[in-house]
Structure formats: structure tokens, C-alpha cells
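Open your viewer and keep the selection panel handy. We will go from one stop to the next, choosing residues and looking at what surrounds them.

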Amino acid sequence: MTEGMTLGIETSCDDTGVCVLRGQREELASRIAGQNADHAPFGGVVPERASRRHQEVLLPLLQEVFAEAGVNNPARELDLIAVTAGPGLMGSLLTGVMCAKGLAQAWELPLIGVNHLEGHIFANVTAFPELTPPFLSLIASGGHTELVLVRALGDYRVLGRTRDDAVGEAYDKVAKLLDLDYPGGPEVDRLAGSGDPGSFAFPVPMKNSDEIAFSFSGLKTAVLWVVRACRQAGADLPGADICAAFQHAAVSALLAKIRLAARRTGVSRVAVSGGVAANSELRRRMALLDDLETYLPPRGLCTDNATMIAAAGYSAWRRGVRSDLSLAPDPSLPLPLL
């Protein structure tokens with residue numbers, strides 16, 4: 001398959017993504033249907049509601065994407081269907097995988113299951129043609145914080161991951177403590193812009209450890225104690241300052257482990273992806289790392305999307321990876337390690 005067209009489908013959590021990609025990088029059409037309004041009353045993603053919403057919007061999104069991409073006969077014009085097979089929420093994954101399998105069977109098209117984390121790696125591969133292995137990839141989101149050495153496309157070594165909360169999860173929990181709107185991560189980032197990061201001396205997690213690993217539960221607890229103390233004293237809650245200080249500590253923890261991994265591996269090319277890659281403070285401070293060659297995808301490719309899934313599927317197909325109609329979703333699917 002040379003510069004063929006790939007249909008990408010992403011339903012790992014609460015965003016429904018559909019994309020038609022030509023080759024590795026030419027996005028012909030892409031759609032994302034978010035579910036923030038559906039889950040906001042609950043303060044987090046409700047798995048059953050998420051899977052039902054995927055079922056409602058997936059086929060209409062396919063029609064919209066085909067119309068924009070000029071795909072009139074998918075059976076003849078598409079070359080491959082790539083779908084997220086895991087990790088993620090079982091019900092959400094099942095919706096996407098079963099849809100992809102049905103289309104692949106009906107249209108007699110090849111099918112490939114994609115690891116969601118590998119998809120995030122490909123958000124930068126797709127956005128930057130000059131980004132070639134070896135490079136370090138930090139995947140930072142609400143569900144994942146992993147630092148990966150990309151030795152080759154399809155050949156990954158996980159250098160370290162979080163011991164407890166993902167960094168995006170910590171953002172969301174801090175937002176809940178401060179009674180901010182859902183989703184909390186962007187709200188914390190917004191408020192931090194008008195706060196003083198030096199107002200509170202929150203700990204930088206694992207700052208003095210020589211281990212490539214992350215931990216954000218202690219930082220979250222430190223914020224909890226400050227919030228409780230303010231409320232017990234009847235004082236006004238300095239939300240902007242708390243957000244700024246928390247964000248400074250969280251981003252410092254990420255950057256410290258990036259630098260440690262670069263020293264350990266000798267690899268100076270670093271890519272960051274996942275929802276937290278859209279964070280303004282992380283993007284600002286990544287740009288200041290003059291000794292490293294840094295990459296962050298456009299904000300539209302930071303959160304879950306089908307473009308990265310289509311790109312990862314296309315690359316895997318060209319490397320000889322194959323799936324068939326026995327493909328089953330796996331909520332804990334690991335990265336393909338060689």
C-alpha cells in the first residue's frame with residue numbers, strides 16, 4: 001500500500017474520533033465529538049454513558065468525514081481501517097472495534113488494531129516529518145504518564161511511568177478541590193495564568209530521585225491540605241495562586257524526568273503528546289530547553305483523535321503488522337515492545 005487512504009476510528013474513552021488520512025500525514029477529513037457536557041454533572045467520565053454516546057455519534061461522524069474527504073465508495077477508495085484496540089474503557093473500545101470490524105468485513109478491507117499510546121506517539125510523527133527515531137516520547141494525559149524511548153517506529157522501551165495518579169488526573173482532582181468546572185485541567189491552566197507560582201511551596205514529585213518515574217498523589221495531597229486550611233480558617237481561597245503553584249510543581253516534575261532520561265539514554269530529541277501537551281505552562285517551558293530538540297503537536301492533536309490512530313495504523317501496516325476479524329479490545333493493552 002503506497003500513500004493509500006486509511007480510515008481511523010478512536011473511541012478509547014469519551015471522545016469519538018473519525019479521520020481519513022492519505023499516507024502518513026495528509027489529513028483529508030477529521031471529526032471529534034466530545035462528551036464534556038454529558039459527564040460534567042458527574043465530575044468525571046461515566047463509562048456506560050460514554051459507550052452509549054459513541055454508539056449514537058459514530059456513524060453520523062463517518063458520513064460527515066466521507067463527505068468532506070470526497071469518499072463516495074469506501075470499499076473501493078479506502079485501503080485500510082485502523083481502530084484503537086486499547087488501552088481504554090472496555091465499553092468505549094468495544095464500540096469502535098466492533099464498528100471497524102463490521103466495516104472491514106462488509107467492504108473487504110484490511111483491519112489493524114492500534115495501541116492508543118502508540119497513537120499518541122504518532123501525533124508528533126504525523127505533525128513533524130523531521131521527527132525520526134531515536135527520540136524520547138512523554139505521553140501525558142488524564143489516564144497516562146509514561147516516558148518512552150522510541151528506538152524505531154514500532155520498537156518502544158518504556159523508561160518510566162507514574163506510580164499512582166497520571167498527571168492529567170492530578171490536574172482534574174485539584175480542579176475538584178477548588179470547585180472548578182469540568183474538565184478541570186484546562187480550568188487549572190487558565191487560572192494559573194493569573195496566579196503567583198511562588199505563593200505556595202508545593203513539592204516537586206520525585207525531584208531528588210534518580211529513578212525515571214512519576215508520582216503525583218503527594219502533590220495532590222499537598223494542595224488538599226492548603227485548601228482545607230484556608231476553608232477551616234474562613235479565608236478566601238486563593239484559587240489562582242494555588243493553581244499556579246501546583247502547575248509549576250507538576251510541570252517541573254515532568255521536565256526533570258525528561259532531562260534525566262535524556263542524560264541516561266544520550267537521546268536529545270524529545271516529543272510530548274497527550275492532553276497535557278496542550279498545557280500552556282508545559283509548552284512554554286519546553287520551548288526553553290535549549291539543550292534539547294523538542295516537539296509538541298498542534299493542540300488539536302494533543303487530545304484523543306483519530307488522525308493519530310490512522311497514522312499509527314498506516315505505519316504498522318507498512319511494517320508488516322496485521323490484525324483480522326478476531327481482533328478484540330483490551331483495556332490494558334501494552335505498548336508493542338521489541
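The tour below visits a few helices and one residue in a predicted model.

**Stop one: helix α8**

Select residues 217–232, which form helix α8. How far apart are its end C-alpha atoms? They are 22 Å apart, which agrees with the 22 Å that 16 residues should span at 1.5 Å a residue.

Now colour the buried residues of α8: L219, K220, A222, V223, V226, V227 and C230. These buried residues lie on the same side of α8, because they cover an arc of only 160° around the axis. Turn to the face pointing away from that buried side, and you will find the exposed residues W225 and Q232.

What covers the buried residues of α8? The cover includes α6 (167–177) and α9 (239–265), so show both of these as well. Before moving on, click on G234, which follows α8 and has a positive phi, near 75°.

**Stop two: α6 beside α8**

Two packed helices are described by the angle between their axes and the distance between the axes. Keep α6 and α8 on screen: their axes are 10 Å apart and the packing angle is about 5°. An angle under 35 degrees counts as roughly parallel, and α6 and α8 are therefore roughly parallel to each other.

To see the contact, show side chains for K173, V174 and L177 of α6, together with K220, V223, L224, V227 and R231 of α8. By type, the residues of this contact between α6 and α8 are five nonpolar, no polar and three charged.

**Stop three: α6 against α7**

Next, add helix α7, residues 184–192. Here the axes of α6 and α7 come within 7 Å and cross at roughly 75°. The range for roughly perpendicular is 65 to 115 degrees, and α6 and α7 therefore fit that description.

Which residues meet here? From α6, pick Y171, D172, V174 and A175; from α7, pick G184, G185 and V188. The residues of the α6 contact with α7 divide into four nonpolar, two polar and one charged. V174 of α6 is worth a label, as it appears in the contact with α7 and also in the contact with α8.

**Stop four: T95**

Finally, jump to helix α4, residues 90–107, and select T95 within it. Is T95 buried or exposed? T95 counts as buried because its relative accessibility is 13%, and the cut-off for buried is under 20%.

Leaving aside residues up to four places away in sequence, T95 touches T11, S51, H54, Q55 and L58. Show those side chains around T95 to complete the view.

Methods: Residues numbered from 1 in each chain as written. Predicted model: local features only at pLDDT ≥ 70, side-chain atom pairs only at ≥ 80, totals over all residues. Heavy atoms only, no water. Helix = DSSP H or I, 4+ residues; strand = E, 2+ residues; numbered from the N terminus. Expected span 1.5 Å × (residues − 1). Buried < 20%, exposed > 50% of the residue type's maximum accessible area, 1.4 Å probe, protein only. Arc of directions from axis to C-beta. Contact = heavy atoms within 4.5 Å. Axes fitted to C-alpha atoms, helices over the stretch in contact; angles between N-to-C directions. Parallel < 35°, antiparallel > 145°, perpendicular 65-115°, else oblique. Nonpolar A, V, L, I, M, F, W, Y, C, P; charged D, E, K, R; others polar.
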